[in-house]
Amino acid sequence: MAEPAYHKPPASNAVEFTVSELSNAIKRLLEDGFAHVRLKGEISGFRGPHASGHCYFALKDDKAKIDAVIWRSTFQRLKIRPEEGMEVIAQGRITTYPGSSRYQIVIETLEPAGVGALMALLEERKRKLAAEGLFDEARKKKLPFLPKVVGIVTSPTGAVIRDMLHGFNERFPTHVVVWPVRVQGDGCAEEVAAAIRGFNVIPPGAPVPRPDVLIVARGGGSLEDLWGFNEEIVARAAALSRIPLISAVGHETDWTLIDLVADARAPTPTKAAEWAVPKLSDLVEATRTLGHRARVAIARALAGQRAHFKAASRGLPRLEDLIALPRQRFDAVDRRLPRALLANTRVHAMRHARLSTRLNPRLLTARLERAREQLGRAWHHGERGLARLAARSQSRFDRVAGRFGPQILLHRISRARESLDGCGKLLAALSYQRVLKRGYALVRDEAGRTVRSVSQAPPGTRLSVEVSDGTFPAEALDGGKLTKDRDRDEARTARPERRRTSSPGRSDGSGQGSLF
């Protein structure tokens with residue numbers, strides 16, 4: 001059976017696209033049709049910003065999922081940061097990524113899906129920070145009793161700072177340093193955290209004084225308004241603060257993460273000012289009260305001690321009774337003293353008499369004779385020792401003197417003279433004055449430098465010319481010629497004055513001084 005013949009398909013009038021053209025057409029269609037959408041979903045696959053600063057994740061519900069991207073510039077302006085599992089409402093535009101033929105939403109704004117989502121996020125952060133121990137009471141610092149400087153982190157234009165300053169002036173005027181920040185909106189959390197860290201790094205003795213206590217203050221508001229104080233960056237900055245910190249954010253019923261981390265939480269900013277410093281009138285009154293109590297206590301103590309001393313003094317014996325017995329002993333000793341002195345004198349007289357019998361001049365003479373004999377023997381030994389030492393020294397001197405005869409010295413002097421004469425002849429042969437005797441001349445300028453070329457002596461230069469028997473002045477003319485004086489006629493008739501060069505020692509006619 002023969003194969004059927006191949007039939008060419010009929011021509012079609014459909015438009016032919018390339019892959020890129022089709023992808024771009026779909027991209028334009030989606031962007032035109034969904035230029036602005038508001039999308040609710042749960043964040044999935046979020047791992048933080050990419051190295052480029054952009055964020056890539058997905059939004060999903062129980063039936064579908066769409067890719068999402070947040071560009072770096074948009075991410076920096078977001079009020080809240082995306083987190084895994086957070087239910088959010090995203091606003092943006094739908095577009096496609098031609099490289100993978102997928103559509104995605106480019107998010108421009110991001111907000112939680114209702115207050116319930118914010119509260120869930122807040123509870124999650126509270127559990128996380130509590131597990132790290134940031135809320136423990138043991139790590140919280142005690143507030144100073146009377147701080148010299150108070151640092152306040154708040155908005156400089158709101159009513160909060162005015163109320164706090166008014167409270168300080170009423171209670172206890174003190175030095176207040178305000179760090180202005182935004183307390184709501186974009187950048188609020190970063191500025192508050194930077195202010196807390198900035199106060200902590202102020203060194204002692206700086207132009208801006210270092211606070212003794214910090215107050216982070218803001219008026220009341222909704223959960224969204226206070227959300228900047230629920231950010232982790234603020235809570236961690238408060239936890240790391242080495243300066244005691246009072247949180248005064250919102251009203252008494254408003255709670256934020258910084259309230260849990262701070263060393264103290266005031267219900268209102270005005271109450272925080274009251275906690276930071278004591279009331280001056282109370283201190284004055286307490287000082288008066290304590291002073292009065294101290295004076296009364298001292299008076300009572302003195303009265304009690306006085307009564308105690310009086311009671312104790314009644315139990316002490318009289319002075320006459322205390323010195324009666326010592327006085328009797330003194331009188332008894334006084335009566336025995338003359339007899340004791342006389343007996344002592346007799347005892348010493350008898351001892352002296354016994355000793356005097358042993359002190360005979362002959363004993364001293366015998367001792368002197370023995371000492372003289374010992375001295376004579378020592379002198380004799382010393383004399384013989386000195387004689388032997390002198391003999392040995394004389395013998396050594398004779399041996400050494402034999403090596404230093406006059407002939408040896410004369411021979412050495414003669415050789416030194418011959419060497420010196422040879423050096424003198426060599427010096428005379430190499431002296432430049434020998435060259436001058438052969439008809440040459442040495443030309444110097446006014447500074448004493450040697451002139452070796454015509455370029456070194458421009459016209460009008462004063463020169464000094466040295467020949468074999470003296471030196472005379474000269475002046476350079478055009479062409480480098482020399483003359484003895486400016487006037488040529490006087491130079492032909494006048495004999496140039498010659499100065500003989502002086503040299504130390506005698507001269508042998510060559511101008512070279514002698515060393516002898």
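This passage describes the fold, the strand pairing and the largest pocket of a predicted protein model.

In the predicted model, the protein contains 14 helices and 14 strands. Of its 516 residues, 28% count as buried, and the accessible surface of the protein amounts to about 36,200 Å², with 58% of that area belonging to carbon and sulfur atoms. When contacts between residues at least 6 apart in sequence are considered, 60% of them join residues that are at least 24 apart.

The pairing of the strands can be followed from one sheet to another set of paired strands. Strands of a sheet pair through backbone hydrogen bonds, and this pairing may be either parallel or antiparallel. The parallel case is found in an open sheet of five strands, in which the order is β7-β6-β8-β9-β10. The edges of this sheet are formed by β7 (175-180) and β10 (264-265), each of which pairs on one side only. Within the sheet, β6, made up of residues 149-154, pairs in the parallel sense with β8, made up of residues 213-218, over four bridges, and Gly151 is placed opposite Leu214 in β8.

The edge strand β7 also holds Val176, a residue that illustrates how separate parts of the chain come together. The C-alpha atom of Val176 lies 5.8 Å from that of Val149, although the two residues are 27 places apart along the chain. When neighbours within four places in sequence are left aside, the contacts of Val176 are with Val150, Ile152, Leu165 and Phe168.

Antiparallel pairing is seen where β1 (residues 37-44) and β4 (residues 87-97) are joined by six bridges, and here Gly41 has Val88 in β4 as its bridge partner. Strand β4 is also paired with β5, again in the antiparallel sense, over 10 bridges, and Arg93 stands opposite Val106 in β5. These two strands, β4 and β5, form a hairpin with four residues between them, and in the turn Ser101 has a positive phi of about 55 degrees.

Strand β5 appears again in the description of the largest pocket, which has a volume of about 600 Å³. The lining of this pocket consists of 28 residues, and those that lie nearest its centre are Leu78, Lys79, Ile80, Asp186 and Trp227. Two or more lining residues are given by each of the elements β5 (102-112), α5 (188-200) and α6 (232-239), and the largest share, five residues, comes from β5. By residue class, the lining is divided into nine nonpolar, eight polar and 11 charged residues.

The loop between β7 and α5 contains Gly187. The relative accessibility of Gly187 is 25%, and this residue therefore counts as partly exposed rather than buried, a class that requires a value under 20%. Gly187 is separated from Gly228 by 41 residues in sequence, while the distance between their C-alpha atoms is 8.2 Å.

Terms used:
Residues numbered from 1 in each chain as written. Predicted model: local features only at pLDDT ≥ 70, side-chain atom pairs only at ≥ 80, totals over all residues. Heavy atoms only, no water. Buried < 20%, exposed > 50% of the residue type's maximum accessible area, 1.4 Å probe, protein only. Contact = heavy atoms within 4.5 Å. Areas by Shrake-Rupley, 256 points an atom, 1.4 Å probe, with all protein chains shown as cover. 1 Å grid on protein atoms, 1.4 Å probe; cavity = no way out; pocket = protein on both sides within 12 Å on 5 of 7 lines; lining within 4 Å. Points joined across faces, edges and corners; volume = space filled by probe spheres on them. Nonpolar A, V, L, I, M, F, W, Y, C, P; charged D, E, K, R; others polar. Pairing = 2+ DSSP bridges.
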